[in-house]
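Student: I'm new to this molecule and would love a close look at one part of it. Could you start there and then show me how the rest connects?

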Amino acid sequence: MGCCVATLWVSSSAWDAANGVLVPQSKWRACKGFATNLAYITGTDANYVADWAVNPSKSALLNAGKSTVGDLEVACKSLVADGQIGEIYELAQKNEPNCTGCLRMAIYNISEGSLLAGYVSDTGSQKKWTCGKTMPPPPQPECPSETTCGDIKAAYRTNSCCGNPSAQFTMSGNRRLAASTQKDDLLSHISKEMKRAKAENSDVARSLANEIKSMMQDFS
């Protein structure tokens, strides 16, 4: 019994085809915006339809009680088409007060233009799964960070840019641009120091360059 429970609760971030087409305690989410719902299916014993759902229908494969891994994989392989994923939720009692364990499946395309979407882990108390037809759905890719106008405005003040157009500009602290600008700042600083050393003494510049090359070998 303990072995079976451990298998069911494997972290969804490490899920692969060897574990079946079903990823437990996961939901389908986009980095930004929402995936387009293609169909919404409940069991024949449920009547609740979400306000965002399209093409609602019913299937006995999602009737209450059919929530074992085997039952749900049968439902996924029967109801989900190639190139699609199914997101299954056990309906909340407030939406189906007379049906305990009723299920619904929302179907989405795996790929949708420039939308970055995939399954994410959700270990909340409500039971939920994502699945593909013949293989598990892909996890959500790394979402690109975004820099807000507020970030830029704060950095503008921090760098004393007002009335000082030649001031060096950096994004400090935990700002989202910090990772990319720190590399540029470092390379710019090295270049300036090398030029300064060369202008003062070419032998000193060559010695400094050799020291830098020697230090970099530890990271190559």
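Please begin with helix α3 (residues 149-158): which of its residues are buried?

Tutor: Happy to help! One word on the ground rules: this is a predicted model, in which local features need pLDDT of at least 70 and side-chain atom pairs count only at pLDDT 80 or more, while totals for chains, interfaces and linings use all residues. Residues are numbered from 1 along each chain as its sequence is written, and side-chain values use heavy atoms, with hydrogens and water left out.

The buried residues of α3 are D151, A154 and A155. They share one side of the helix, because they cover an arc of only 100 degrees around its axis (the arc is that of the directions from the helix axis to the C-beta atoms). On the face turned away from that buried side you will find the exposed residues C149, K153 and R157. Here buried means under 20% relative accessible area, exposed means over 50%, and partly exposed is in between, with a 1.4 Å probe and protein chains only. Helices (H or I, at least four residues) and strands (E, at least two) are DSSP runs, numbered from the N terminus. After α3 comes S160, which has a positive phi near 55 degrees.

Now step back along the chain to the loop between β8 and α3. C143 sits in this loop and C31 in the loop between β2 (26-30) and β3, so the pair ties together parts that are 112 residues apart in sequence. The tie is a disulfide, with an S to S distance of 1.9 Å, and at -80 degrees about the S-S bond it is left-handed. A pair of cysteine sulfur atoms within 2.5 Å counts as a disulfide. C31 has a relative accessible area of 27%, so it is partly exposed; C143, at 31%, is partly exposed too.

The whole structure holds three disulfides. In another one, C76 is joined to C131 with an S to S distance of 2.0 Å. This link is left-handed, with -95 degrees about the S-S bond, and it connects helix α2 to strand β8, at positions 55 residues apart. Both C76 and C131 are buried. C99 and C102 form a disulfide as well, their sulfur atoms 1.6 Å apart. The torsion about the S-S bond of C99 and C102 is about 80 degrees, so that disulfide is right-handed; both of its cysteines are buried. Counting bonded cysteines along the chain, the pattern is 1-6, 2-5, 3-4.

From C76 we can follow helix α2 (residues 69-79) to the strands. α2 lies across β1, β3, β5 (84-90), β6 (103-109) and β8 (128-131), and runs at about 40 degrees to β6. Contact means heavy atoms within 4.5 Å, and axes are lines fitted to C-alpha atoms, for helices over the stretch in contact, with angles from 0 to 180 degrees between N-to-C directions.

Those strands belong to an open sheet of six, ordered β1-β8-β5-β6-β3-β4, with mixed pairing. Each edge strand, β1 (22-24) and β4 (56-58), has a single partner, so one side of each is left without a neighbour in the sheet. Neighbouring strands of the sheet are turned by 20 degrees against each other on average, direction ignored. Two strands pair if DSSP finds at least two bridges between them. β3 (residues 39-42) and β4 run parallel and are joined by three bridges; one of the pairings sets T42 against K58 in β4.

T42 leads us to R104, which is found in strand β6. With a relative accessible area of 7%, R104 is buried. Its contacts, leaving out residues up to four places away in sequence, include Y40, I41, T42, W52 and E87. The side chain of R104 also reaches the backbone oxygen of E87 at 3.0 Å. A polar contact is a pair of N or O atoms within 3.5 Å; within protein, one must be able to donate a hydrogen and the other to accept it, and residues adjacent in sequence count only if both atoms are side-chain atoms.
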